[in-house]
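Biologist: Please take one part of this model and go through it closely for a first-year student. I would like to follow a buried residue and its surroundings, and then the charged pairs that join separate parts of the chain.

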Amino acid sequence: MSAPAAAAVSIRAASVGYDGAAVVDAIDVHLDGGQLAVLMGTNGCGKSTLLKTLAGLIAPVRGEVRVLGAAPGTQPVEVAYLSQHPASSPTMPLSVADVVAMGRFARLGLLGRFGAADKAACAASMERMGITDLAGRSMMELSGGQRQRTFLAQALAREASLLLVDEPTAGLDPASRALFDTAIADERARGAAVVMATHDLSDAESADLAVLLAHRVIAAGPPAEVLTDANLRDCYGFTEQH
């Protein structure tokens with residue numbers, strides 16, 4: 001009998017932060033392939049810090065953090081990370097197709113050549129985000145929503161086992177948001193896990209796990225159990241019933 005697949009994300013008694021100082025303490029999270037976790041809380045509560053830790057960009061302050069059974073950052077081919085403010089230099093004349101193609105670089109390595117499978121993955125991700133007609137356009141010519149869809153297509157082109165996305169629907173109109181929701185559902189259907197930082201409570205409707213953060217874990221578990229009035233008031237500081 002083959003060994004069971006490693007969890008997409010396993011965090012045990014961990015604290016995350018910068019320079020040895022914790023931003024969020026006492027985190028315990030388990031996420032399997034095909035599942036969606038939403039990280040929720042106010043700005044500065046630690047959502048982005050936790051995502052960066054999972055991406056291997058910063059080390060955990062303490063505790064155990066495992067991604068696909070290994071240390072964060074050791075499997076770049078299998079992890080796609082989209083930050084809240086993706087880098088896009090106005091001095092580099094990159095096209096939409098150029099930016100989406102970057103999603104394949106981890107798989108290609110330094111000496112790899114762009115092949116048919118890479119082209120197909122990029123074309124499919126652009127179609128999924130509705131930007132095929134923008135392929136030849138310069139990133140500098142795009143609206144904020146179009147740029148966001150381009151970066152989302154880049155993340156999808158990675159064909160990763162774990163997607164880490166920070167406020168991915170910010171700036172998207174309803175039609176673009178629907179494309180994103182469908183793409184995430186498709187990623188989960190093929191077995192990829194998704195961890196998403198968000199302010200939108202509706203993002204938790206289809207999630208397997210909700211994590212409320214306020215420099216500590218207010219609650220973590222199934223959304224129906226976590227997103228209670230008491231927990232939301234504790235997390236966001238509401239004084240009225242939500």
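Modeller: A residue is called buried when its relative accessible area is under 20%, exposed when it is over 50%, and partly exposed in between. The model is a predicted one. Arg 188 shows how the cut-off works: its relative accessibility is 18%, so Arg 188 counts as buried.

Start with Val 195, which belongs to strand β7. Its relative accessibility is 4%, so Val 195 is buried as well. Leaving out residues up to four places away in sequence, Val 195 touches Val 9, Leu 31, Ala 37, Leu 39, Leu 51, Leu 54, Leu 162, Leu 163, Leu 164 and Val 165. One of these contacts, Leu 51, is 144 residues from Val 195 along the chain, yet their C-alpha atoms are separated by 7.8 Å.

Leu 51 leads to helix α1, where it is listed among the buried residues together with Lys 47, Thr 49, Leu 50, Thr 53, Leu 54 and Ala 55. The helix runs over residues 47-55, and seven of its nine residues are buried, so α1 is largely enclosed by the rest of the structure. Just after α1 comes Gly 56, with a positive phi of about 85°.

Val 195 is also a member of a nonpolar core of 28 residues, which includes Ile 11, Val 24 and Cys 45. This core is separate from the largest one, which has 41 residues. In the largest core, Val 38, Val 96 and Val 100 touch the most other members. Helix α5 (residues 144-157) gives the most to that core, with six residues. Among the contacts of Val 100, not counting residues up to four places away in sequence, are Cys 122, Met 126, Ile 131, Ala 153 and Ala 157. Cys 122 has 5% relative accessibility and is therefore buried.

The cysteines raise a separate point. A disulfide is a covalent bond between the sulfur atoms of two cysteines. The structure holds zero disulfides. For Cys 235, the closest cysteine sulfur is in Cys 45, at 6.2 Å, which is too far for a bond. Cys 235 is buried, because its relative accessibility is 6%.

Now the charged pairs. The structure has twelve salt bridges. In one of them Asp 208 meets Arg 188, the buried arginine from the start, with N and O 2.7 Å apart. Asp 208 sits in the loop between β7 (193-198) and β8 (209-213), and Arg 188 in helix α6 (residues 174-189), so the pair ties together parts that are 20 residues apart in sequence. Asp 208 has a relative accessible area of 33% and so counts as partly exposed.

A second salt bridge joins Asp 234 to Arg 216, where the closest N and O atoms are 3.2 Å apart. Asp 234 is in helix α8 (residues 229-236) and Arg 216 in the loop between β8 and β9 (217-221), 18 residues apart. Both ends are partly exposed, because Asp 234 has 41% relative accessibility and Arg 216 has 40%.

A third pair is Arg 12 with Glu 64, with the closest N and O atoms 3.9 Å apart. Arg 12 lies in strand β1 and Glu 64 in strand β4 (residues 62-67), so this bridge ties together parts that are 52 residues apart in sequence. Arg 12 is exposed at 52% relative accessibility, while Glu 64 is partly exposed at 35%. Ser 10 is also in strand β1, which covers residues 9-18. Ser 10 is buried at 10% relative accessibility. Beyond its neighbours within four places in sequence, Ser 10 is in contact with Val 29, Glu 64, Val 65 and Arg 66. Glu 64 thus meets strand β1 through a salt bridge to Arg 12 and a contact with Ser 10.

Salt bridges can also involve several residues: Arg 177, Asp 181, Asp 200 and Asp 203 are linked in a network.

The surface has a nonpolar part too. Met 102, Phe 105 and Phe 114 form a nonpolar patch there, with about 260 Å² of accessible area together. Of these, Phe 105 is in helix α3 (residues 105-108), and its 47% relative accessibility makes Phe 105 partly exposed.

Notes:
Residues numbered from 1 in each chain as written. Predicted model: local features only at pLDDT ≥ 70, side-chain atom pairs only at ≥ 80, totals over all residues. Heavy atoms only, no water. Patch = residues over 30% accessible without salt bridge, like charges linked within 9 Å, V, L, I, M, F, W, Y side chains within 5 Å. Areas by Shrake-Rupley, 256 points an atom, 1.4 Å probe, with all protein chains shown as cover. Salt bridge = Lys/Arg side-chain N within 4 Å of Asp/Glu carboxyl O. Helix = DSSP H or I, 4+ residues; strand = E, 2+ residues; numbered from the N terminus. Buried < 20%, exposed > 50% of the residue type's maximum accessible area, 1.4 Å probe, protein only. Core = buried A, V, L, I, M, F, W, Y, C linked by side-chain atoms within 4.5 Å. Contact = heavy atoms within 4.5 Å. Disulfide = S-S within 2.5 Å.
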